[in-house]
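Please find below my notes on this model, set out as numbered points. They begin with the packing of the helices and then turn to single residues.

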Amino acid sequence: MIQINHLTVCYNQTGCFAKASSLAAVDGVSLKIQEKSIFALVGESGSGKTTLGLAMTRLINAGEGGIVSGSVIVDGENILRLTEEKLRDIRGRKISYIFQEPASALNPIMTIGRQIDEALLAHGIAGKKKVRDMALESLRAARLDNAGRVYDSYPHQLSGGMKQRAMIAMAIAARPRLLIADEPTTALDIDTEKEILDLLLSLRAELRLSILFITHNIRIVKDIADETAVMCKGRVVEAGPASKVFRAPRHEYTKLLVLSTPENFRRGIKI
C-alpha cells in the first residue's frame, strides 16, 4: 500500500527551517504498510509518531520545520515530490487522516454535514444533488444511529464519542485506501474506546482499508494490529508482527513499554 524510505523530518525553534539548527523529530525511518492490514506505530509522547503520520501526506507546517530527506511511495509515486494539485488527489482519496483531537480538528462554525459535503465536492466524488446522501451513508457507516440529526449538528452539540465517529465518517467519505488514525481513542472512556476500535476493525473489512494506527497504548496494539513499529527519539527501534514484538521484545525500550502497562506493573512481571 505505502512504503516509507529513510524519512527524516526536522523541527527548529526559530520559526524558519534551517537544517543546521534543527532537531530531527523523525530520523531515517523506513516502513512498509501492506494492503488491508493494520500497522501500529507505538511509542511515548514525543517519540515522533504524529510527525511521521503528518509527514506522510505533507501536513507538516513549513514554517516550523521540514522534510529533510527520504521518500513516501504510493502507487509508484513519491508523495514528497508531487505538486500541490496532485497531492490534493492523494489526500482524502487515497490517504485520509483521523486527527487526535476531534474537538479541535472539526470546524466549530460548520455543521458536520457541511464539512463532509465539502470534502466530497472538493474531490469531485459527488455533485450537489447526491452529496447529502453520500455524507449520510458515511455517517451510518460510522455507526451513528441518527445520521440525519448528526448531519445537521454542530460539533459542540455532539458527545466526545459522537465527534470521533463524525471525524471517522469524514475520513472514509471518499473511500480512501489508507486511514491514518492518530490516537483515535484518547480521552474516551473504556466502553467508547472499545466501540471505536470495533468500528475501525469493521471498516477495515468492509472497505478493504489499510490502517496506520498511532498510539502509546500497547494493550490496544496487541488486540488489533497485524504489524507494529516501536519509535523512540525519532527512530524505529523494533518492528515486526505485533504479537511477536510484544510477546518477546528485544530492544530495551520496547521491554520498558511492555513492563509499564498497568497489568504488567501490578503483577510485577519481568522480561
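How are α5 and α7 oriented to each other: parallel, antiparallel, perpendicular or oblique?

1. The model is a predicted one, and the remarks that follow should be read with that in mind. On the opening question, the axes of α5 and helix α7 (residues 160-172) come within 8 Å and cross at roughly 125°. Angles of 65 to 115 degrees count as roughly perpendicular and those over 145 as roughly antiparallel, and α5 and α7 are therefore oblique to each other. Their crossing is right-handed, and in it S138, L139 and A141 of α5 meet A166, A169 and I172 of α7. Divided by class, the residues of this contact of α5 with α7 are five nonpolar, one polar and no charged.

2. Helix α5 (residues 131-141) also packs with helix α4 (residues 112-122), at an angle of about 115° and with the two axes 9 Å apart. The pair α4 and α5 is therefore roughly perpendicular, and α4 passes α5 in a right-handed crossing. From α4 the contact takes I112, I116, D117, L120 and L121, while α5 supplies V131, R132, M134, A135 and L139. The contact of α4 with α5 comprises eight nonpolar, no polar and two charged residues.

3. A third helix pair is formed by α7 and helix α8 (residues 190-207), which pack at an angle of about 15° with their axes 11 Å apart. That angle makes α7 roughly parallel to α8, and the crossing of the two is right-handed. The residues making the contact are G161, Q164, R165, I168 and I172 on the side of α7, and T192, E195, I196, L199, L200, L203 and L207 on the side of α8. By class, the contact of α7 with α8 holds seven nonpolar, three polar and two charged residues.

4. Within α4, the buried residues are I112, G113, Q115, I116, D117 and L120. What covers these buried residues of α4 includes α5, α6 (147-151) and α7. After the helix α4 comes G124, whose phi is positive, near 70°.

5. Backbone geometry deserves a separate remark. Most residues other than glycine have a negative phi. R58, in contrast, has a positive phi of about 55° although it is not a glycine, and R58 lies in the loop between α1 (49-55) and β4 (65-74). R175 likewise has a positive phi, about 55°, without being a glycine. The place of R175 is the loop between α7 and β7 (178-182), and R175 counts as partly exposed because its relative accessibility is 33%.

6. Which residues does T215 touch, leaving out those up to four places away in sequence? They are L41, V42, G43, K49, E183 and V221. T215 itself is located in strand β8 (residues 210-215), and T215 counts as buried because its relative accessible area is 2%. The side chain of T215 also reaches the backbone nitrogen of N217, at 2.9 Å.

7. V42, one of the residues touched by T215, belongs to strand β3 (residues 38-42). With a relative accessible area of 0%, V42 is buried. Apart from neighbours within four places in sequence, V42 is in contact with K49, T215, I218, V221, T228, A229, V230, M231, F246 and L257. As for the separation from helix α5, V42 and R132 are 90 residues apart in sequence and 37 Å apart in space, taken from C-alpha to C-alpha.

8. The last residue to mention is T8, which is placed in strand β1 (residues 2-11). T8 has a relative accessible area of 12% and is therefore buried, given that the cut-off for this class is under 20%. Beyond residues up to four places away in sequence, T8 touches V26, D27, G28, G66, I67, V68 and S69.

Notes: Residues numbered from 1 in each chain as written. Predicted model: local features only at pLDDT ≥ 70, side-chain atom pairs only at ≥ 80, totals over all residues. Heavy atoms only, no water. Helix = DSSP H or I, 4+ residues; strand = E, 2+ residues; numbered from the N terminus. Buried < 20%, exposed > 50% of the residue type's maximum accessible area, 1.4 Å probe, protein only. Polar contact = N/O pair within 3.5 Å; in protein donor to acceptor, adjacent residues only side chain to side chain. Contact = heavy atoms within 4.5 Å. Axes fitted to C-alpha atoms, helices over the stretch in contact; angles between N-to-C directions. Parallel < 35°, antiparallel > 145°, perpendicular 65-115°, else oblique. Left-handed = near helix turned anticlockwise from the far one by under 90°. Nonpolar A, V, L, I, M, F, W, Y, C, P; charged D, E, K, R; others polar.
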